[in-house]
Amino acid sequence: MGMDERESLDERLEAKVEGVPSVLVSGPERNRVSRSVARPGLEEELFSTELPPEALARWASESDFFDQMVEKQTARPLDALTLERYRATRRPWFNKEFRFRVMGDLRGKRVLDVGCGDGSNAMLMARFGARVTGIDISSRSIELCKRRAELDGVGDSTQFICSPLETADLLEGAYDIIWGDGVLHHLIPELDGVLRKLVSCAKPGALFVFSEPVCLSPLMRKLRKRIPIHTDATPNERPLERAELAIIQRYLPRLEMRWFGFLSRMDRFFLRDNNFERASKPRRLAADVLGCTDRALLSVPGLQMLGGMCVMYGRLPEQG
Ligand SMILES: C[S@@+](CC[C@H](N)C(=O)[O-])C[C@H]1O[C@@H](n2cnc3c(N)ncnc32)[C@H](O)[C@@H]1O
């Protein structure tokens with residue numbers, strides 16, 4: 001892409017973010033629209049649309065839940081050890097290191113981070129040279145992302161949009177990488193439309209990288225529920241199942257799958273705040289052993305259903 005073309009894409013992206021129809025409903029009464037992101041007239045527009053009431057109720061509950069989750073967080077710049085970890089990606093038996101290895105050199109890449117949450121991934125990608133657009137339904141998360149981007153010195157190479165993905169007006173054919181970390185399973189009722197939208201935003205040959213809880217066996221799900229490992233989950237949240245994987249594969253038939261999270265679910269018992277980088281050597285060693293054992297076990301056909309997390313990655317064809 002030439003310099004002029006790149007600049008014009010930048011301008012068009014800026015314009016999209018400025019004019020984004022942020023439809024954010026907050027609170028069960030569905031009439032409180034976040035003032036921090038709402039533009040004049042939005043409220044009337046929202047309630048005159050033909051959006052199904054279930055979608056509005058779901059967005060309200062999601063944004064409330066994640067607003068409360070990020071409220072506890074303080075904006076801090078990325079830890080140097082975290083940066084080093086994901087730059088080097090020496091341990092691909094860890095889910096996120098594997099994904100950063102798959103993405104490779106991010107310099108100059110345009111990334112859409114869908115359901116960007118507190119911005120941890122967006123900050124890393126921007127620090128590695130990508131131009132990142134993050135989108136999330138939670139206004140507090142978006143505020144936190146913007147504060148973090150300033151602290152990390154990546155304010156100019158990041159944009160954050162507060163909107164449900166389903167209604168966001170994103171630029172078509174603009175992104176080299178579409179990244180979603182734990183978001184598709186929050187969009188199950190809209191998965192078909194969401195995938196169509198994500199494919200339309202991607203450039204030909206773009207890379208898709210998703211990491212999602214997936215359950216291929218109802219028996220495994222029952223067993224997992226019996227093991228008392230706490231996770232922060234929204235009401236009614238569930239892993240993706242075969243039917244949803246089929247929808248994803250219909251839009252992205254070339255996706256490969258890598259499974260994680262069987263024994264390594266135990267990490268949280270010895271890694272405080274799930275922080276590997278700052279843990280003691282014996283604790284890191286224990287996490288490495290669980291991760292490597294998972295990698296060996298979960299690459300055996302038939303045993304994959306033991307893994308609770310699936311990384312789906314692959315490219316669109318170069319020609320539409
Ligand atoms: C499990 S969190 C993952 C956050 C982040 N990707 C991470 O890895 O930390 C799911 C995120 O999806 C967002 N989300 C849920 N429904 C959404 C929707 N319809 N549109 C956009 N974002 C949504 C939530 O606000 C939340 O931040």
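**Close-up views of strand β3, its neighbours and the ligand shell**

**View 1. Pairing of β3 with β6 in the predicted model.** Leu-112 stands opposite Ile-178, a residue of β6. This placement belongs to the parallel pairing of β3 with strand β6, which covers residues 175-181 and is joined to β3 over four bridges. As the model is predicted, the pairing shown here is computed from predicted coordinates.

**View 2. Pairing of β3 with β4 and the connection between the two strands.** Strands β3 and β4 also run in the parallel sense, and their pairing extends over five bridges. Within this pairing, Asp-113 of β3 has Gly-134 as its bridge partner in β4. From β3 the chain passes through α6 before it reaches β4, and the resulting β-α-β crossover is right-handed.

**View 3. The two sides of strand β3.** Strand β3, made up of residues 110-114, is mostly covered, with five of its five residues buried. Arg-110, Leu-112 and Val-114 point one way from the strand, whereas Val-111 and Asp-113 point the other way, and the residues on both sides are buried.

**View 4. The shell around the ligand.** The shell holds 22 residues, of which Phe-66, Gly-115, Gly-117, Asp-181 and Gly-182 come nearest to the ligand. Two or more shell residues are given by each of α3 (53-71), α6 (120-127) and β4 (131-136), and α3 gives the most, with three residues. By residue class, the shell divides into nine nonpolar, eight polar and five charged residues.

Notes: Residues numbered from 1 in each chain as written. Predicted model: local features only at pLDDT ≥ 70, side-chain atom pairs only at ≥ 80, totals over all residues. Near = placed C-beta within 6 Å. Nonpolar A, V, L, I, M, F, W, Y, C, P; charged D, E, K, R; others polar. Buried ≥ 20, exposed ≤ 12 C-beta atoms within 10 Å, placed from the backbone. Pairing = 2+ DSSP bridges. Right-handed = clockwise from strand over helix to strand, strands pointing away.
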